[in-house]
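Colleague: I would like to go through the charged pairs with you, one step at a time. Could you take me through them slowly?

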Amino acid sequence: MQVEFIIASIILLFIFGIVHIYISEKRAKEVRRRKFLEEWGKIPQREYSNDELEKISRYFEYQLKKGKIKNPYIDNITWNDLDMDNIFAYINNTKCSAGEEYLYYLLRTPVTEQKMLEERARLADFFATHENDRVNLEVCLWQIGKTRKFSISDYIDLLITLDKESNLKHYIALFTIPMGLFLMTVSEVAIGFVIMLFLLMWNISQYYKRKGEIEPYLTIFSHVMKMLDASKVISKLKIAEIQPYVDNIAEVQRKFKKFRFGSSILMSSQRVTGSAAEMFLDYIRMVTHVDLLKFNSMLEEIKQNVNVIDDLVRNLGILDVCISIASFRESLPFYSLPNLEETEEAFIEVKNVYHPLLKEPVANSISEKQNVLITGSNASGKSTFLKTVAINAILAQTIYTSVSTLYRASFFQIYSSMALKDDLQENESYYIVEIKSLKRILSHRDDKIPMLCFVDEVLRGTNTIERISASAQILKSFSKKQVICFAATHDIELTHLLENDYNNYHFQEEIKENDILFNYELYGGKAVSRNAIKLLNIMGYDKKIIENAEETATHFLKTGEWRI
């Protein structure tokens with residue numbers, strides 16, 4: 001009776017434990033569901049360290065290194081010029097590493113295929129209008145989680161370079177106890193016991209040596225398992241609109257069937273529960289090396305299926321990304337779907353386009369088939385407008401979204417030369433850095449894909465005479481039918497020298513009651529106002545300095561000669 005009571009108590013405790021885990025997991029999912037509903041359409045508040053952004057960029061770098069990126073991509077100079085890390089952070093509402101890394105990759109690889117963009121729009125539209133399906137999918141993706149120090153691509157690279165270890169000593173370890181027992185039966189028990197004890201000590205020392213070596217690699221095994229587990233749950237959601245992706249994932253599941261089989265003996269060692277059962281299993285692992293044998297088997301499977309893992313990341317990533325795109329659109333005051341065309345002659349038309357990161361942006365419009373030269377005073381909005389058009393061009397060809405009421409344009413390759421700095425490591429002056437940056441753009445002007453490029457204050461790193469003469473020739477060299485160059489400058493002389501090759505626009509300001517006011521609106525034609533000397537007056541400079549400066553400027557404008 002007492003024995004039966006103990007057995008019944010153990011069974012009840014076991015059932016209670018299972019029910020408790022089930023209820024806890026269900027409650028956690030409900031909490032997460034409510035959180036995702038609250039976050040929908042809101043700007044993510046997370047800040048990223050440089051190390052985090054470096055990690056996130058590794059998937060893109062991996063694809064680039066493997067030669068898998070065919071179209072012109074957003075290079076580092078353009079990415080940094082446009083503060084695209086901040087644009088990425090603004091859009092990034094992804095729930096797993098695959099989504100986060102794929103979003104970064106996607107923003108750096110504008111496409112020139114309408115079909116691909118329309119598919120992203122289809123998914124985003126579906127997630128925007130089917131709340132329950134969207135949140136169920138988000139919960140699955142959230143359960144995969146995000147890697148910490150390294151990206152998925154980094155881990156894969158590490159695994160590929162890891163040499164496969166011989167299983168011989170692990171097989172010896174597996175049969176240590178049977179061997180010891182056998183020796184005790186054919187020789188003196190004491191001698192057999194000593195030999196078995198020696199073998200066990202050797203097993204344990206070899207176990208911890210190898211376990212320490214493979215510990216870093218177990219992270220990717222664990223993450224791949226989480227992706228496979230989540231994929232299995234996603235397939236059970238029965239969402240018809242994502243079925244092609246579910247089918248692709250099912251193929252990955254099939255190829256990783258051997259990888260998954262028996263993996264718990266290895267992966268459970270990653271969980272520290274403190275339970276008696278887990279401690280017992282730890283001793284079994286130390287003595288038999290069964291988890292090390294499974295590691296070698298799983299390592300071989302990973303090496304043979306590197307491309308399959310890439311497929312898994314891509315399929316999970318695009319689903320996660322398209323949910324983020326839909327949420328990003330919801331956060332905007334207005335947006336439009338781009339109208340993109342394959343053309344030989346470059347053109348762009350945008351209406352009420354604005355910068356997504358500004359709290360109170362001023363929308364502007366422009367329609368051009370020719371190069372654009374923008375003049376205006378400091379802080380009037382020239383650089384911001386260049387960035388606004390460039391960012392919209394990237395968003396149009398990546399997430400198929402423009403923060404404007406209309407965006408019509410050619411499919412472009414996109415380059416900029418704007419926020420450059422001296423390169424101290426390479427011992428290069430600002431001017432050297434600038435001419436290298438411009439040369440890289442010029443080298444692509446004859447490519448088949450039309451070019452959209454942005455240049456802010458061309459050749460500002462050299463003297464006036466050479467700057468104007470060289471700037472005019474460089475900007476003139478962009479005068480091709482498949483190129484549109486947006487250039488901002490303070491040099492009014494360029495508006496005259498390039499009037500046959502560039503259409504002129506300007507920003508202006510108003511001096512009022514010892515204050516300078518900007519409306520940040522784009523106007524046609526050349527800038528006619530000058531405010532640098534007026535600003536000296538507003539800032540309280542000596543009147544004599546201001547009067548002499550005005551006189552010097554007026555004399556130069558009349559005679560073309562400088563006199564102090």
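Modeller: Gladly, and please keep in mind that this is a predicted model. Let us begin with K35 and E39, which both lie in helix α1 (residues 2-39) and sit four residues apart, about one turn of the helix.

Colleague: How far apart are the closest N and O atoms of K35 and E39?

Modeller: A salt bridge requires a side-chain nitrogen of Lys or Arg within 4 Å of a carboxyl oxygen of Asp or Glu. K35 and E39 form such a salt bridge, and their closest N and O atoms are apart by 3.1 Å.

Colleague: Is R440, which forms a salt bridge with D75, buried or exposed?

Modeller: R440 lies in helix α21 (residues 430-442) while D75 lies in the loop between α3 (58-65) and α4 (76-81), so the pair ties together parts that are 365 residues apart in sequence. The cut-off for buried is under 20% relative accessible area. D75 has 12% relative accessibility and counts as buried. With a relative accessible area of 15%, R440 is likewise buried.

Colleague: Which residue meets D125 in a salt bridge?

Modeller: The pair links distant parts of the chain, with D125 in helix α7 (residues 114-129) and its partner in helix α19 (residues 306-331), 204 residues apart. D125 is partly exposed, at a relative accessible area of 38%, whereas the partner counts as buried at 4% relative accessibility. The side chain that meets D125, at 3.4 Å from N to O, is that of R329.

Colleague: How many salt bridges does the structure hold?

Modeller: Some of them share partners, and in this way R46, E52, E100 and K146 are joined into one network. For the structure, the number of salt bridges is 22.

Definitions and conventions:
Residues numbered from 1 in each chain as written. Predicted model: local features only at pLDDT ≥ 70, side-chain atom pairs only at ≥ 80, totals over all residues. Heavy atoms only, no water. Helix = DSSP H or I, 4+ residues; strand = E, 2+ residues; numbered from the N terminus. Buried < 20%, exposed > 50% of the residue type's maximum accessible area, 1.4 Å probe, protein only.
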